Amino acid sequence: MPRIANIISTAHYLPEHKVTNEELNARFTALGNPDVIGKFTDSTGIKQRFYAPDDWATSDLAAAAGREALKRAGRKPEEVDLLIVGTDSPDYITPATSVVVQHKLGTKNAGTFDVGCACASFPTALAIAAGLIATNAGIKTILVIGAYMMHRLADPNDPTIFFYGDGAGAAVVEAGDKQGFIGAAMQADGEFAQSWGIFAGGTAEPASEQALKDGRTQVRLVKRYPPEINDIGWPKLFHRLAKENNFTPDDVDQLIFTQVRKPTIELAAKNCGVPIEKCHMIMDKWGYTGSACIPMALDDAISLGKVKSGDLVVMIGSGVGYNQAACAIRMT
């Protein structure tokens, strides 16, 4: 009997501290940049974002979402066989954030690893989970989490802090004999690796006093990404995934994209052939939550009744590097 990965529960965690665009506008007006927040608002649709407490790390967000997902699935922490965390705002360079989350959750029997392809991490992690379930009879329950706390790694006086909201989303994945996980597709282009990132603190440029002074230990937008990376890249990935897995745009019940810019989602949906009404968006109310935005949007869509049992859901993530990943799953 085939072992097909199924999502049996989802959850998300959103911290309580709301930061509105009006607050950011006041800050940047005082800094002599009165127009930047308004421009970002108009071009993205983001209206606010939420920050975790100052004494929290990304692992705390991940643990909160994971704990709720396990509760909804009716699973105890010790029943988890594998814990996968997708993030590009880790607690540390090493050890892996997933190990820290494992301890905080009490998933003492679980192996762990991180997936680090930025905001494409969740669909990538879900695809990995599906593959491991299909080929390993001993793996029954996998907890997949996407978590994001990039604002902690940003300069508060850099206008791009507008985008960064904290949050986490999680899914409990188990083997079933019904159609669940259908397939995945991925693409990347390392030519853009120096465009947006944290460039000091690793082996290419170890952290130093000068790097700290130059702000290179914080996330920086160095060079603007061409819009066609997502405008063209997302539909290309969607149509490839559909062709390789024998479904059509009309078959899709919900198409969830990286939640960074509303006009991009609208254009991509059109070029995918999927009505915008089937593309749930959360960036307006929660900001850009990076590695967490796709599972957060999925859980929100489920809670609102936009995703139901039997629905075909496609997720397409896009992150710096750049990395892009898509997956399709039939919800149980």
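## Salt bridges, helix packing and an open sheet in a predicted model

The structure contains 11 salt bridges, a salt bridge being a side-chain nitrogen of Lys or Arg within 4 Å of a carboxyl oxygen of Asp or Glu. This is a predicted model, in which local features need pLDDT of at least 70 and side-chain atom pairs count only at pLDDT 80 or more, whereas totals for chains, interfaces and linings use all residues. Residues are numbered from 1 along each chain as its sequence is written, and side-chain values use heavy atoms, with hydrogens and water left out.

### Salt bridges

Three of the pairs are tabulated below.

| Pair | N to O distance |
|---|---|
| Lys 104 and Asp 60 | 3.0 Å |
| Glu 205 and Arg 216 | 2.8 Å |
| Glu 209 and Lys 213 | 3.5 Å |

Lys 104 belongs to helix α4 (residues 97–105) and Asp 60 to helix α3 (residues 58–73), so their salt bridge ties together parts that are 44 residues apart in sequence. Helices (H or I, at least four residues) and strands (E, at least two) are DSSP runs, numbered from the N terminus. Lys 104 counts as partly exposed, at 34% relative accessibility; buried means under 20% relative accessible area, exposed over 50%, and partly exposed in between (1.4 Å probe, protein chains only).

The pair of Glu 205 and Arg 216 links distant parts of the chain, 11 residues apart: Glu 205 is in the loop between β9 (196–197) and α6 (209–213), and Arg 216 is in the loop between α6 and β10 (220–221). Glu 205 is partly exposed at 22% relative accessibility, and Arg 216 is partly exposed at 32%.

Glu 209 and Lys 213 are four residues apart in helix α6, which means that about one helical turn separates them. Glu 209 is exposed, with a relative accessible area of 58%, and Lys 213 is exposed with 61%. In addition, a network of salt bridges links Glu 68, Arg 72 and Asp 299.

### Helices

Helix α1 (residues 21–30) and helix α2 (residues 36–44) have axes that come within 8 Å and cross at roughly 145°. Axes are lines fitted to C-alpha atoms, for helices over the stretch in contact, and angles run from 0 to 180 degrees between N-to-C directions. From α1, the residues Asn 21, Leu 24, Asn 25 and Phe 28 meet Val 36, Ile 37 and Thr 41 of α2, contact meaning heavy atoms within 4.5 Å.

The buried residues of helix α8 (residues 233–244) are Gly 233, Trp 234, Pro 235, Leu 237, Phe 238, Leu 241 and Ala 242. Their cover includes β8 (181–188), α7 (228–231), β11 (254–257), α9 (262–272), β12 (312–319) and β13 (323–330). Asn 246, which follows α8, has a positive phi, near 60°.

### The five-stranded sheet

An open sheet of five strands has the order β1-β7-β6-β4-β5, with mixed pairing. Its edge strands, β1 (4–13) and β5 (111–115), each pair on one side only; two strands pair if DSSP finds at least two bridges between them. On average, neighbouring strands of this sheet are turned by 20° against each other, direction ignored.

Strand β7 (residues 167–176) pairs with β1 in the antiparallel sense over nine bridges, and Asn 6 stands opposite Glu 174 in β7. Helix α3 packs on the sheet, touching β1, β6 (141–148) and β7, and its direction makes about 120° with that of β1. Helix α5 (residues 121–135) also packs on the sheet, where α5 touches β1, β4 (82–86), β5, β6 and β7; the direction of α5 makes about 170° with that of β6.
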